[in-house]
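Here is a small set of exercises to work through with the model open beside you. Try each task on your own, then walk through the solution.

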Amino acid sequence: MKKKSILLLAVGALCIISTTWGQNAGRVSGSVQIEAQTSHRDTAIGSEDVPSRLLLNSYADFRYDNGPFSAGLRFEAYHNPLLGFDPSYKGAGLAHYFFSYQNDQLELTAGHYYEQFGQGLVLRAYEDRLLGLDNALQGVRLKYRPVKGITLTGLIGRQRSAWDFGAGIVRGLDGEMALNSIFSTLSESKTRVNIGLSFVSRFEDDESITSDNPAYMLNLPLNVGAVSARMHMTHGHFSLQAEYAGKGQDPNITNGYIYKYGSAVLLNTQYARPGFSASLRAQRVDNMDFRSVRSRSGDMLHINYIPSIAQPHSYTFFNLYPYATQTNGELGIQGNLYFKLRKGTALGGKYGTDVHLNYTTISSLDTMRIGGRGTDGYTSKPIGSNREHYYTDLSIELSHKFSPTVKAGFCAGYIVFNPIVEGHAGQLHHNWVLATDVTLKLGSRRVLRLEAEWLESDSKYDAVVDDKRCGDWLMEVVEYHFARHFFVQANLQRCYHDGTGNYNQVAVGYTHNASRLQVGYGRQRQGIVCVGGVCREMPASNGLTVSFITSF
Amino acid sequence: MMHKPHILLFTCLTLAAFVSCQKIENDSYLRPAGTVGTWHEGVGVSDKNQRVLLEKYTGPRCAFCPNADLIIADASARYGSKLIAAAIHDSSSFGRPLGIVDLRTDEGNAWCQYFEITQHPIVMLNRTKENGQWLKVDPIGGVNDPIQTVLQDTAGVAISIRCVSDADSLLQITVNLDALTDIPGELMLNLIITEDSIVAPQMQSSGQRLDTYIHNHVLRQVITDIWGTPLPSTLKKADRLEAQFEYVWNSANLNIRHCHIVAFLTEKESHRVLNCDQCSIESAL
């Protein structure tokens, strides 16, 4: 009944806007996405029969713009959710709707909205369909630009949790100032500086949670605040981005109900000019898991977002052991060097060669335990030496064009992975990875792409942990694009030493303008899927997959 | 530049935001446990036997746990209603699901850590201690003797439970206590939901995985707080108390016909279980 009312309200509002705002009929845009899957039992890879035979996630977005008014809605259906998605998504309905008014100074949004303050250390409401993550806020947001260069944002709402909302109320304020726009004396300066301040607060009702001493309950803070300050400066080829965030006492299930204050520091420096760039990133995160419900773990109801410091890779085996950001404690540093070997040199060849070097290392914090739930938990040193190693990625990537029709890529890397970041103890995995691909243009409408990857690992398969990624791997991919719109792909993966399973997949696809249809069949390896350091478990599957997406 | 009303508005919003956070001083992190449920004088309990709560820590990757299940099933047949079992799937590496069915609970994880459970399968009987250490029994070696030892004790308090469910998934739980002797110290009443006949994968001692394994007595939800809800007062001999609890349960993944509500009374300080009872859920419709 409630959903019907919302739908009627949405349609009614759209009609009113379209009829009252002059003769302009406005513009309707949108997109439709359908992801379907079947899977049957395959003991070799550990996949299960799907009782409903077919799993299907579908999304239909509609947006209407007319002058300063905008409105939109999204219908979602999960019959039933794809493997690895939270089962609470099961069902269908209007998941998202909003109305917005915008002029030069003001932007008002009512309904569902996404938002990010700075890099997200204190607030990021966003959607990632690959992860099954949607923590949109439902409420009201006001953006106000009193003068050029200043944007103030105020918001209040509750977070989406599948078909429900988190019990907590999220309030936020953000101020973003472009100093060169505000002060006329700086308008011509080569140094451009933006600064920002954010404050976010969560209110959640009291509940009964005992301390380690069951005679006592926790005296919970009902309002938990988090504040951040940020700066982004550029000067010629140089840029510096820094953000600090602090979080008040927030005893919650992920930190073991301790009262320690949280903090996060991000630093990102970069020097970039044509053909060369170098960057250095550092990140320290301490007790910064911040959700709108203190007793919820998993992927839902995150208020903030800690960016991943790990280097994203396009080759599959570099992502076999993706790094999941440890929001409750990590210290990392990452350096990147990009340069181009000049044309006409021995290594550069006729077109030049792009080189990318990356080094990332991430560890735990150096901490000392004070007590359990109902205490400050632990103390931590700013850097310290008593840290547990989480992750290392050392890689070199080359990209070279041999001729107008032939180009190739090559990547070699050494990755050290601690399974504790996925929640289970074990030995460090040391992985060597080699990957290469060649793309051949065979005509105006035909492209052949070949890819081969190899991973050698000292990880051993253990039936108790049942991590089917363990062992050594080989992969070959053949991809052929033809007739401008079609492609076929075969992907052959096998674990040839101390592991389990061969994972072969075939896929065909059709792409036309903004539409894409892909049908695949084969085995999908059990593993972890991560986007930006946020991860979800992907169970093994063996069956058909269909993906369709279009926008209009 | 910025107009004064705008400055005022933003200042007010900023101040409002900053007062929207709390600081709790170090000496105020804890407060005495509160009361949940409505207590009043009870009607007494007819069955005054001592019963034993058997908590089995287990997991789908524990290859020897099915052997323990057989032994516990034999014990259940032997001791009948005097033995109440709860199978706790915890966060150890044994507890990670083999398929899409995840039987772990936050409370089970917390108990596993608190009781320092490192071995699976392992059994605790009435959460007792021996020589200052939690008494844990390897069920593969048999559980009948330790159960018999517990049952030989004379019950200090009798307990009974009844539960009715309506169409809105509201459980109305009635617990009766009958003090058979003076019981010094504060007591906690614990209510949990267990479920039988859950079909989910389980490793076997042969090293093979059985996808159609039937899991029984599985801890599914904890109704009270993790360590229970306190009684309004200490119990003196002949005290009779009755409490009513209402609980809206998350029935999405539970089969109500296979569920039991388990009530057990513990000492607040030691967590020792004094007595327990369980009931199936009656339909009020």
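The radius of gyration used here is taken over C-alpha atoms, and the globule rule is 2.2 Å times the number of residues to the power 0.38. Keep in mind that this is a predicted model.

**Exercise 1. Does the radius of gyration of chain A fit a compact globule or not, and what else describes the chain as a whole?**

Step 1: Start with the rule. For 552 residues, a compact globule would have a radius of gyration near 24 Å.

Step 2: Compare. Chain A has 25 Å, which agrees with that expectation.

Step 3: Add the extents. Along its principal axes, the C-alpha trace of chain A spans about 65 × 65 × 55 Å.

Step 4: Add the make-up. Chain A holds two helices and 34 strands, and 36% of its 552 residues count as buried.

Step 5: Look at the contacts. Take those in chain A between residues at least 6 apart in sequence: 58% of them join residues at least 24 apart.

**Exercise 2. Find the domains of chain A and describe the side of domain 1 that touches domain 2.**

Step 1: Get the bounds. The domain assignment of chain A gives domain 1 as 103–304 and domain 2 as 313–500.

Step 2: Place them. Their C-alpha centres lie 28 Å apart.

Step 3: Count the residues in the contact. Domain 1 of chain A brings 26 residues and domain 2 of chain A brings 24.

Step 4: Find the strands. On the domain 1 side, strand E15 (216–218) and strand E19 (276–286) of chain A each supply at least two residues. E19(A) gives the most to that side, with 11 residues.

Step 5: Sort by class. The side of domain 1 that touches domain 2 in chain A has 11 nonpolar, nine polar and six charged residues.

**Exercise 3. Which residues does A:Phe339 touch, beyond its sequence neighbours?**

Step 1: Locate the residue. A:Phe339 is in strand E20 (residues 329–341) of chain A.

Step 2: Judge its surroundings. A:Phe339 has 14 C-beta neighbours inside 10 Å, so it counts as partly exposed.

Step 3: List the contacts. Leaving out neighbours within four places in sequence, A:Phe339 is in contact with A:Gly275, A:Phe276 and A:Val355.

Step 4: Check one more pair. A:Phe339 and A:Thr353 are 14 residues apart in sequence, and their C-alpha atoms are 8.4 Å apart in space.

**Exercise 4. How many bridges pair strand E32 with strand E33 of chain A, and what happens between the strands?**

Step 1: Read the pairing. E32 (residues 527–531) and E33 (residues 534–538) of chain A pair in the antiparallel sense over five bridges.

Step 2: Pick one bridge. A:Gly527 has A:Met538 in E33(A) as its partner.

Step 3: Go to the turn. The hairpin has two residues between the strands, and A:Gly532 takes a positive phi near 60 degrees there.

**Exercise 5. A:Asn513 and B:His271 each have a positive phi without being glycine; which is buried and which is exposed?**

Step 1: Take A:Asn513. Its phi is near 50 degrees, and A:Asn513 lies in the loop between strand E30 (502–512) and strand E31 (515–524) of chain A.

Step 2: Count around A:Asn513. There are 9 other C-beta atoms within 10 Å, so A:Asn513 is exposed.

Step 3: Take B:His271. Its phi is about 70 degrees, and B:His271 sits in the loop between strand E17 (259–267) and strand E18 (273–280) of chain B.

Step 4: Count around B:His271. With 21 other C-beta atoms within 10 Å, B:His271 is buried.

**Exercise 6. Which residues of helix H3 of chain B are buried, and what covers them?**

Step 1: Name the buried residues. In H3 (residues 106–114) of chain B, these are B:Gly108, B:Ala110, B:Trp111 and B:Cys112.

Step 2: Find the cover. Strand E3 (52–58), strand E4 (83–89) and strand E14 (218–222) of chain B are included in it.

Step 3: Step past the helix. H3(B) is followed by B:Glu116, whose phi is positive, near 55 degrees.

Step 4: Continue to the loop. B:Pro121 lies between H3 and strand E5 (122–130) of chain B, and the peptide bond from B:His120 to B:Pro121 is cis, with omega near -5 degrees.

Conventions:
Residues are numbered from 1 along each chain as its sequence is written. Chains are lettered from A and ligands numbered from 1 in the order in which they are written. This is a predicted model: local features need pLDDT of at least 70, side-chain atom pairs count only at pLDDT 80 or more; totals for chains, interfaces and linings use all residues. Helices (H or I, at least four residues) and strands (E, at least two) are DSSP runs, numbered from the N terminus. A residue is buried if 20 or more other C-beta atoms lie within 10 Å of its own, exposed if 12 or fewer, and partly exposed in between; C-beta atoms are placed from the backbone. Two residues are in contact if their C-beta atoms, placed from the backbone, lie within 7 Å. Domain bounds come from an automatic or database domain assignment. Ala, Val, Leu, Ile, Met, Phe, Trp, Tyr, Cys and Pro count as nonpolar, Asp, Glu, Lys and Arg as charged, and the others, Gly among them, as polar. Two strands pair if DSSP finds at least two bridges between them.
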